[in-house]
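I open a fresh page for this chain. The plan is to go from the overall fold to salt bridges, helix packing and rings.

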Amino acid sequence: MNTAAARPQPAVGRRRGTQELPELARLRDRALATLAFGIAGRSEEVSSLDTEGITQVAEGLEVHVPSVKGRPPRDVAVAYGENPDTCPVRCWLAWKEAAGLTAGPAFLPVDQKGRLGTQRLGPDGCRLAITRAAERAGLDVKLTGHSARRGLVSTGRKRGKRAEKLRKQGGWAANSPVFWEYVDEGERWEDTATEGIGL
């Protein structure tokens, strides 16, 4: 999504033709999607992030994820990525600088003219930002605000990340059936039942 060429969006309402996505909105969406993935964040959690709770350190970002809906808060480490276009650290820093963020909500609305809003982007806004970014990239699947959580676990397991590390990153309970379903999805092709048995 982050590396797809920007494509004009269909106009809505009275507007005719197409319109370009403002650069500030593009930077926000990149930061939001990659950071949601990096923290395995629910839309409510991503919405509740504050600029002061995201600290740059030598290794990447230390992110404080506030308590949402009675879930305990957590502090997670998000390392620099290999690709600058999909690195949550670089994407966050680019958005933070472009938006001039120093305190307050980490993610704010951006209107069609590229003007920055002042109120926190709500959970629905976070979900829509991820869904629209996927649509702009022409992805065949519909991504939602929950896709980041599933994606981190399944991708992490495919790359050999320990289940316990992934569980703590997303704040799942040790006995969470949803979490273990995601682990199974990530390990689906690892040592399959039919592999190496002489078929």
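**Entry 1. Burial and fold.** I count a residue as buried when its relative accessible area is under 20%, as exposed when over 50%, and as partly exposed in between. The model is a predicted one. With that cut-off, I looked up the buried share: 41% of the 199 residues in the chain.

Next I listed the secondary structure. The chain has seven helices and five strands. I read their order from the N terminus as β-β-α-α-β-β-β-α-α-α-α-α.

I then checked contact range. Taking contacts with a separation of 6 or more, I find that 57% join residues 24 or more positions apart.

**Entry 2. Salt bridges.** How many salt bridges does the chain hold? My count is 11 salt bridges. I went through three of them in detail.

I started with Glu-45 and Arg-74. Their closest N and O atoms are 2.9 Å apart, and the two form a salt bridge. This pair ties together distant parts of the chain: Glu-45 belongs to helix H2 (residues 43-48) and Arg-74 to strand E5 (residues 74-79), 29 residues apart. I checked accessibility for the two partners. Glu-45 and Arg-74 are both buried.

I moved on to Arg-127 and Asp-124. This salt bridge has its closest N and O atoms 2.2 Å apart. Both residues sit in helix H4 (residues 123-136), three residues apart, which is about one turn of the helix. Are the partners buried or exposed? Neither label fits. Arg-127 has a relative accessible area of 28%, so I log Arg-127 as partly exposed. Asp-124 comes to 49%, so Asp-124 is partly exposed as well.

I also followed the links outward from this pair. Asp-124 and Arg-127 belong to a network of salt bridges with Glu-44 and Lys-69.

The third pair is Arg-167 with Glu-164. Here the closest N and O atoms of the salt bridge are 2.6 Å apart. The two residues are three apart in helix H6 (residues 163-170), so about one helical turn separates them. Their burial labels I took one by one. Arg-167 has a relative accessible area of 12%, under the 20% cut-off, so Arg-167 is buried. Glu-164 has 37%, so Glu-164 is partly exposed.

**Entry 3. Helix packing.** I looked at H1 (residues 23-39) against H3 (residues 88-99). Their axes come within 8 Å and cross at roughly 145°. I note the crossing as left-handed.

Which residues make this contact? From H1 I wrote down Leu-24, Leu-27, Arg-28, Arg-30, Ala-31, Thr-34 and Leu-35. They meet Pro-88, Cys-91, Trp-92, Ala-94, Trp-95, Ala-98 and Ala-99 of H3. Sorted by class, the contact holds 11 nonpolar, one polar and two charged residues.

**Entry 4. Aromatic pairs.** I searched the whole structure and got four aromatic pairs. For Trp-172 and Phe-179, the ring centres are 5.2 Å apart and the planes stand at 40°, so I log the pair as tilted. Trp-172 and Phe-179 are both buried.

Phe-179 also pairs with Trp-180. Those ring centres are 5.0 Å apart and the planes stand at 80°, so this pair is edge-to-face. I compared the two accessibilities. Phe-179 is at 0% relative accessibility, so Phe-179 counts as buried. Trp-180 is at 37%, so Trp-180 counts as partly exposed.

Elsewhere, ring pairs join Trp-92, Trp-95 and Phe-107 into a cluster. I had already met Trp-92 and Trp-95 in the H3 list of the helix contact.

**Entry 5. Two loop residues.** I picked out Arg-42, in the loop between H1 and H2. The relative accessible area of Arg-42 is 12%, so this loop residue is buried. What does Arg-42 touch, leaving out residues up to four places away in sequence? I find Arg-71, Arg-74, Arg-149, Gly-170 and Gly-171. Arg-74 is the salt-bridge partner of Glu-45 from Entry 2.

Last, I checked Asp-111, in the loop between H3 and H4. Asp-111 has a relative accessible area of 26%, so Asp-111 is partly exposed. I also took one distance. Asp-111 and Leu-24 are 87 residues apart in sequence, and their C-alpha atoms are 9.3 Å apart in space. Leu-24 is one of the H1 residues that meet H3.

How values were computed. Residues numbered from 1 in each chain as written. Predicted model: local features only at pLDDT ≥ 70, side-chain atom pairs only at ≥ 80, totals over all residues. Heavy atoms only, no water. Salt bridge = Lys/Arg side-chain N within 4 Å of Asp/Glu carboxyl O. Helix = DSSP H or I, 4+ residues; strand = E, 2+ residues; numbered from the N terminus. Buried < 20%, exposed > 50% of the residue type's maximum accessible area, 1.4 Å probe, protein only. Axes fitted to C-alpha atoms, helices over the stretch in contact; angles between N-to-C directions. Left-handed = near helix turned anticlockwise from the far one by under 90°. Contact = heavy atoms within 4.5 Å. Nonpolar A, V, L, I, M, F, W, Y, C, P; charged D, E, K, R; others polar. Phe/Tyr/Trp six-rings, centres within 6.5 Å; stacked < 30°, edge-to-face > 60°.
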